[in-house]
Amino acid sequence: MNQSIAIIGGGNLGTAIAEGLIKSGFVHPQHITITRRTVAALQHLKEQGANVTADNADAVKEAGMVILAVKPFQVKEVLTEIAVALNPQQVLVSVVTGIFLKDLQEVVGRQMALFRAMPNTAIAIQESMTCLASTQASEDQVKWVHDIFSALGKVAVIDEKLMDAATVLGACGTAYAMRYIRANIQGGIEIGFDAKTASLIAAQTVKGAAELLLQRGAHPEQEIDKVTTPKGCTIAGLNEMEHQGFSSSLIKGIATSYDKIVKG
């Protein structure tokens, strides 16, 4: 199987994918091609050995996998541009929000393995949460795509109808987590820490909390119970946060983001 990868769209996510692939060592940098109209913005990737170009059609000709990482409104134009250079042996992976597999098939106009992947920007440091859905793909192709994204973080294979929900929980969720961490830092400063130390404590604490769930498979409440002693400071803080609507506002925010994707 041709292991070379063409990333069409060198924006934030496309660049993050390229950076993660290079750091993972799963693909040699020389086997990665990434496109952008202003190739100067990709100079750091070129210096690491990746190929950069402004020619989308040329980029996909020799690729085994094509990752489409453009804006939703650009999909039809870009896919039409590269469709003539695609072949049935290739794998097409879209990381574009709101574009369905049937939409890809309609523009491509031929039988080939099609995937939707929803990673997040932590893919740049091999810590993404990526959800996958596919059609017309062989077992080997499914395994290849799964293995690539597994080298860049955690992977969940889901029904395509859940992809919009995965976008909110896994991609938008990065921003939600960052906002919590920012608030934690601000609170830390208020109670006496300098910004740098508060940032370190907040970020590492969140990382540790997440790892407890990932490694132990525990429910959050199990870990909460371990640090909430009767009449203690933790339960007092948690109760105040809940009185101020902490959980309900987060849930409402997630639902609002989902409605925005679904209803536009």
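Which residues are buried in α1? Buried here means under 20% relative accessible area, with exposed set at over 50% and partly exposed in between (1.4 Å probe, protein chains only). By that yardstick, G14, T15, A16, I17, A18, E19, G20, L21 and I22 are the buried residues of α1. The model is a predicted one, so local features need pLDDT of at least 70 and side-chain atom pairs count only at pLDDT 80 or more, while totals for chains, interfaces and linings use all residues. Residues are numbered from 1 along each chain as its sequence is written, and side-chain values use heavy atoms, with hydrogens and water left out.

Now for the chain as a whole. There are 11 helices and eight strands, taken as DSSP runs (H or I, at least four residues, for helices; E, at least two, for strands) and numbered from the N terminus. The C-alpha trace spans about 65 × 40 × 35 Å along its principal axes. Of the 264 residues in the chain, 38% are buried. Contact means heavy atoms within 4.5 Å, and of the contacts with a separation of 6 or more, 61% come from residues 24 or more positions apart. The accessible surface comes to about 14,900 Å², with 57% of that belonging to carbon and sulfur atoms; these areas come from the Shrake-Rupley method with a 1.4 Å probe, and for residues only the protein chains shown count as cover.

Back to α1, which covers residues 12–24. The expected span of a helix is 1.5 Å times one less than its number of residues, so the 13 residues of α1 should span 18 Å, and the end C-alpha atoms are indeed 18 Å apart. What do its buried residues pack against? Their partners are β1 (5–8), β2 (32–35), α2 (43–47), β4 (65–68) and α6 (139–150). Right after the helix comes G25, with a positive phi near 75 degrees.

Strand β2 holds I32, which is buried because its relative accessible area is 0%. Leaving aside residues up to four places away in sequence, I32 touches I5, I7, A18, L21, I22, V27, A50 and N51. I32 and L45 sit 13 residues apart in sequence, with 9.6 Å between their C-alpha atoms. Over in helix α6 is Q141, which also counts as buried because its relative accessible area is 11%. Q141 and I7 are 134 residues apart in sequence and 17 Å apart in space, C-alpha to C-alpha.

Further along, T130 is part of strand β7 (residues 128–135). T130 is buried, since its relative accessible area is 0%. Its side chain makes a polar contact of 3.1 Å with that of S128; such a contact is a pair of N or O atoms within 3.5 Å where, within protein, one must be able to donate a hydrogen and the other to accept it, and residues adjacent in sequence count only if both atoms are side-chain atoms. Beyond four places in sequence, T130 touches A117, M118, P119, F149, K154, V155 and A156.

Two loop residues have a positive phi without being glycine. Q126, in the loop between β6 (113–118) and β7, has a phi near 60 degrees. K231, in the loop between α9 (220–227) and α10 (233–243), has a phi of about 60 degrees. Q126 is partly exposed because its relative accessible area is 28%, whereas K231 is exposed because its value is 87%.
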